[in-house]
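Hi,

Here is the structure I promised to pass on. Have a look at it first, and my notes follow underneath.

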Amino acid sequence: MTTMQPTAVQINPERKPIRVLLADDHPIVMTGFAMSLAAEGMEVVGQAKTPQEAVEQFMALQPDVVVLDIRFGAEMTGLDAARHILEKQPDAQIVFLSQFDQDALIKETYRLGAKAFVTKDCDPADLAVAVHRASDGELYFMPQIAERLANLSVRGDASPQTLLDERSLEIFKLMAEGLTNVEIAEKLDLSQKTISNISQAVKEKLGIHRPALITKLAMKHGLIEP
């Protein structure tokens, strides 16, 4: 696991500028990071405001690195965009940028195949280092992120993402959003009995039964919006 303190990136004058696509729904944040990356000799070739735009611009522009926000205030997230991009181009280099830093969320970004996770309050040098390392196909862990991932590995991962299969996790998220078994059955086009059985199994596996605690757990692990 690689860590480093933020330092000025050493620019090789013979190397072509790294072409970066930024995706964030906050224009001020995106403009600020674009200026920071440009100051480091990188070329920001596109700025997407939605996950859908990020996927479309990636395919059209073929950047060296994609810097993706995770939360866009829409149904589709940065994680969804990353999945679409990686399905189309498995060797895409992705850096996640987010104000949310729950352990499970950080781990999920690396499980997807991202090269780095950088918080929005980071020193701009951290993002520059992350982009440079991603462009070389290397991982980059900010020191505080590396420490949390190490601790998570030592104590074990008891997150819903780890304990539940794909179908159960989908139902868990709908439960956390406050949907009833009847509503979940209608939404997923499954029988009420099937949903009832799965929801009960989910509660038993996670060791929680009260709706409020289910919602709280989902929020803690970044599965639903706070």
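How many bridges join strand E1 to strand E2, and do the two run parallel or antiparallel? Keep in mind that this is a predicted model. E1 (residues 19-23) and E2 (residues 43-48) are parallel, with five bridges between them. Arg-19 sits opposite Glu-43 of E2. To get from E1 to E2 the chain passes through helix H1 (residues 27-39), giving a right-handed β-α-β crossover.

Now the charged pairs. I count seven salt bridges in the structure. The one I'd look at first joins Lys-120 and Asp-24, with 2.9 Å between the closest N and O atoms. Lys-120 is in the loop between strand E5 (116-119) and helix H5 (124-135), while Asp-24 is in the loop between E1 and H1, so this pair ties together parts 96 residues apart in sequence. Both Lys-120 and Asp-24 are buried.

Another salt bridge stays within one helix: Asp-80 and Arg-83 are both in H3 (residues 78-88), three residues apart, or about one turn. Their closest N and O atoms are 3.0 Å apart. Asp-80 is partly exposed, at 24% relative accessibility, and Arg-83 is partly exposed as well, at 30%. These two also belong to a salt-bridge network with Glu-108 and Arg-111.

Finally, Arg-133 and Glu-138 form a salt bridge, 3.0 Å from N to O. Which partner is buried and which is partly exposed? Arg-133, at 19% relative accessibility, counts as buried, whereas Glu-138, at 35%, counts as partly exposed.

Cheers

Terms used: Residues numbered from 1 in each chain as written. Predicted model: local features only at pLDDT ≥ 70, side-chain atom pairs only at ≥ 80, totals over all residues. Heavy atoms only, no water. Pairing = 2+ DSSP bridges. Helix = DSSP H or I, 4+ residues; strand = E, 2+ residues; numbered from the N terminus. Right-handed = clockwise from strand over helix to strand, strands pointing away. Salt bridge = Lys/Arg side-chain N within 4 Å of Asp/Glu carboxyl O. Buried < 20%, exposed > 50% of the residue type's maximum accessible area, 1.4 Å probe, protein only.
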